[in-house]
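Here are a few short exercises to help you find your way around a structure you haven't met before. Try each task yourself, then check the solution below it.

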Amino acid sequence: MYYKPVFSIIAIALTLIAFIPYIRAILNDTVKPHVFSWIIWGATTLLIFLAQLEDKGGAGTWPIGVSAGITIFIAYLAYLKRADVSITRTDWLFFISALSALPLWYFTSDPLWAVVLLTAIDVIGFGPTVRKVYHFPYSESLLFFALFTVRNALVILALENLSVTTLLFPVVMAAVCVFLIVLISYRRRVLTTLKIESV
């Protein structure tokens, strides 16, 4: 079990490696995060961290806690910079769905149901970002999502108690990051092809 804290520390380092350039890119206006997504992710990640702690996830929960703090900060930056101000009815639907589900955490005494619920909310939180990336594939960083895919794999390896409660969130987040990598790459290729054909 000595290796689990090592995997956790590497996962925290990858979290910082991913977030620091991402934050810098927000400040330089080269990445434009969707504020609704980041508010949802900040709240759910914090609550999942607490639920994983309750289920004795150990060292594997540390990177989730670090991510929660940084994610809340990015939500603040996205709001402050008004990075993505195009808010559609669909975005409001995602946002209201996520926020209306959050109070249910209070009523779930079993951390498993809290994590299931919050992971679903976190996935809903990707809705506005998926819509944005589909239309503006250069508005997000491929490297960021690649680092988080690896980070979530390390979180899984660092978990001290392997259960649905501790595994669900990092497994689903890794899958969503892979999906976004594929979507961004595909849409960039499509736009490049269209640009070449129009010349």
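**Getting to know the helices**

Residues 113-130 are 100% helix and 0% strand, with their end C-alpha atoms 26 Å apart. Keep in mind that this is a predicted model.

**Exercise 1.** Work out what kind of secondary structure the protein chain is built from.

*Solution.* Start with the count: there are eight helices and zero strands. Next, read the elements from the N terminus, and you get α-α-α-α-α-α-α-α.

**Exercise 2.** Find which feature UniProt places at residues 35-53, and look at the chain there.

*Solution.* The unreviewed UniProt entry lists "transmembrane region" for several stretches, including 35-53 and 113-130. Now look at the model: residues 35-53 are 100% helix and 0% strand, and the C-alpha atoms at the two ends sit 27 Å apart.

**Exercise 3.** Decide how the radius of gyration of the protein chain fits with that of a compact globule.

*Solution.* A compact globule of 199 residues would come out near 16 Å; the protein chain has 17 Å, so the two agree. For the outline, the C-alpha atoms fill a box of roughly 60 × 35 × 25 Å along the principal axes.

**Exercise 4.** Describe what is covered and what is exposed in the protein chain.

*Solution.* First, the inside: taking buried as under 20% relative accessible area, 46% of the 199 residues qualify. Then the outside: about 9,900 Å² is exposed, and carbon and sulfur atoms supply 74% of that. Finally, the charges: 14 positive and 10 negative side chains, with the centres of the two sets 10 Å apart.

Technical notes:
Residues numbered from 1 in each chain as written. Predicted model: local features only at pLDDT ≥ 70, side-chain atom pairs only at ≥ 80, totals over all residues. Heavy atoms only, no water. Helix = DSSP H or I, 4+ residues; strand = E, 2+ residues; numbered from the N terminus. Rg over C-alpha atoms; globule rule 2.2 N^0.38 Å. Buried < 20%, exposed > 50% of the residue type's maximum accessible area, 1.4 Å probe, protein only. Areas by Shrake-Rupley, 256 points an atom, 1.4 Å probe, with all protein chains shown as cover. Lys, Arg positive; Asp, Glu negative; His and termini not counted. Charge placed at Lys NZ, Arg CZ, Asp CG, Glu CD. UniProt positions renumbered as here; feature names shortened; annotations may be inferred.
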